[in-house]
There are 2 protein chains.
Amino acid sequence: MLCDTAPLEQPKSAGSSVANMYAIVAESANQLSWQQVPDVAPTRGEVLIKVGAAGVNRADLLQAAGLYPPPPGASELLGMEVSGVIAAVGDDVGDWSAGQEVCALLAGGGYAEYVAVPAGQVLPIPDGVDVPDAAGLPEVACTVWSNLEMTAHLSEGQLLLMHGGASGIGSHAIQIARVLGARVAVTAGSKDKLDFCRELGAEITINYHDEDFVERVREATDGAGADVIFDIMGASYLDRNIDALANDGRLVIIGMQGGIKGELNIAKLLSKRAHVIGTTLRGRPTTGPSSKSDIVAEVTRSVWPMIADGRVRPIIGERLPIQEAAEAHRLLSSGQVTGKVVLTV
Amino acid sequence: MLCDTAPLEQPKSAGSSVANMYAIVAESANQLSWQQVPDVAPTRGEVLIKVGAAGVNRADLLQAAGLYPPPPGASELLGMEVSGVIAAVGDDVGDWSAGQEVCALLAGGGYAEYVAVPAGQVLPIPDGVDVPDAAGLPEVACTVWSNLEMTAHLSEGQLLLMHGGASGIGSHAIQIARVLGARVAVTAGSKDKLDFCRELGAEITINYHDEDFVERVREATDGAGADVIFDIMGASYLDRNIDALANDGRLVIIGMQGGIKGELNIAKLLSKRAHVIGTTLRGRPTTGPSSKSDIVAEVTRSVWPMIADGRVRPIIGERLPIQEAAEAHRLLSSGQVTGKVVLTV
């Protein structure tokens, strides 16, 4: 999406403002500078957004450290989600027009003044949410809904175990699970975070420093275990997660903060009829089955009304100017933030 | 289900024939003898079947070797499936009556003259199938349908990789997958077996002695991989199975002939959005969600018509008198048989 030529068509409302745009350029994990970069323009089926704010995700930290290259064809810039105003639309975009306030799920490119994104990845701003806060919604909403509902089919009366309950994804997942009628257990590393999770609706709060989550989940379920576990740790939690699963339980892994290769005990898997599922959002195709567009459409239809009527609220822990992206990364990495970090442009 | 008292109610048609019944008793893996055992009688909700034939399953070999104890409450006798005639019905059984020819899925007890089974695990004999052959159907039909259709959602145009394509389960799975409109790849250990799989509808036949199934599956799919893999090996195939999966692919493991503990590369899982699922049939509850009764009902509704109209046929490799159970076990264990082995009573 980075072009060094002029836009294919003149943006319909942004005029010359798309020229000579600024963006965060990552020289290394800690060296993030706001500097001029080549312009972007919407190609066929894309929308050009004048960025108001960008959400910060762990993927950005990994990418800045050189550990998570963008998928083929994606922008080289950081930034997996933004909110802002549509500056222009490319050919064959029927649903959106210049001037609309929107947010969007990106494969990259959000830490910038402008970003071009396939129209299917654009969402309206939910009613009652301001533009900067909306930048922190697309990733958590699409990640949580695609995994908990579309993949793991979490349903009424079931128990969700959410690791990292106070994170951006965790704090959103607790609320969604409650709206679905599920019970929620969470792990986190401090009393404050666990109290926060409890306010959001978590019933079983587990401090991973000094409690065994397998034991706590079994106690809370008469030995049955969790129907769904939403995990960001990967290898280090694999065996214990399966121990904590109920019969027919679904372990959904979306992160590998505890390593890549784990020992899988297949006998346990068989005896519980367990599912171990790994997913990412960024690597999904733009359209077609399991695509970002599918997920965005379902989120707009199912989750946005929950936000509009207040059953689910955006949890934004920090707002910083985008020039302070390095500090924002440090904050997210430190684990000190509850909820999302967003960068305002 | 083994009682040392007389039946609670006199069987309605079997008269005194349920007294002093004979069954196979396993002293060890190779010592299987036909001898008198305590009678069985149908309790509330059960049907008593006068066994005409019993199917032989790998679970019976494991149980005879002391490696696979029956689930709590199940008969101590071998035998996971039978066909025969209903000798009597217990209280609260509305769907079945004495004299009907049926087959049934069991938690054990089938290597005997009589077996009592929950009514929800009884199926009619499919049209056009004789009673002894029908003994080889409940396990394969319920295993294949519950995994390929109900769990992995194999669908039209997708590719199934079936390990052990010439086995009882394999030979049934190939046919079911073809009826569902899927393409089929199989592994097996000899040219004869692979030719047999091809006759049943397999398009890609892979000799595991000298071919790499990952490579063959990728070649056949322009690099995409298999949508569903149905595996009996477990640990030894785990990593290569994931390599052979397509994006959004489902690996369903039902056996551990290659070991229990395998290394799971979670990065591969995430990048493919892969599902690793373990299941057993024997450990499922009799009724309720994911139960044997649910599966039996779906198999009767969906699979039996495929058998009745000839699209799927029972593949019975050997029929032996039940007194030769030890020889039947040896045959199944040797891998020389194509399709199922059944024991006639």
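**Briefing: Asp130(A), Ala235(B) and the relation of the two chains**

In this predicted model, the backbone nitrogen of Asp133(A) is placed 3.0 Å from a polar atom of the Asp130(A) side chain. The side chain of Asp130(A) also makes a polar contact of 2.8 Å with the side chain of Arg319(A). The points below cover the setting of Asp130(A), the surroundings of Ala235(B), and the way chains A and B are related.

**Asp130(A)**
- Asp130(A) belongs to the loop of chain A that runs between strand E7 (122–124) and helix H2 (131–134).
- Asp130(A) is classed as partly exposed because its relative accessibility is 35%, a value between the limits of 20% and 50%.
- Leu105(A) is 25 residues from Asp130(A) along the chain, and their C-alpha atoms are 17 Å apart.

**Ala235(B)**
- Ala235(B) sits in the chain B loop between strand E11 (226–231) and helix H7 (238–244).
- With a relative accessibility of 14%, Ala235(B) counts as buried, since the cut-off for that class is under 20%.
- Beyond its neighbours within four places in sequence, Ala235(B) contacts Gly258(B), Gly259(B), Ile260(B), Lys261(B) and Gly262(B), as well as Ile266(A) of chain A.
- The C-alpha atoms of Ala235(B) and Glu263(B) are separated by 7.5 Å, with their positions 28 residues apart along the chain.

**Relation of the chains**
- A turn of 180° with a shift of 0.0 Å along the axis lays chain A on chain B with an RMSD of 0.0 Å.
- This is the relation of a two-fold axis.
- The copies meet through the same surface, because 100% of the interface residues of chain A are also interface residues in chain B.

Technical notes: Residues are numbered from 1 along each chain as its sequence is written. Chains are lettered from A and ligands numbered from 1 in the order in which they are written. This is a predicted model: local features need pLDDT of at least 70, side-chain atom pairs count only at pLDDT 80 or more; totals for chains, interfaces and linings use all residues. Side-chain values use heavy atoms; hydrogens and water are left out. Helices (H or I, at least four residues) and strands (E, at least two) are DSSP runs, numbered from the N terminus. Buried means under 20% relative accessible area, exposed over 50%, partly exposed in between (1.4 Å probe, protein chains only). A polar contact is a pair of N or O atoms within 3.5 Å; within protein, one must be able to donate a hydrogen and the other to accept it, and residues adjacent in sequence count only if both atoms are side-chain atoms. Copies are superposed by least squares on the C-alpha atoms of residues with pLDDT of at least 70 in both. Contact means heavy atoms within 4.5 Å.
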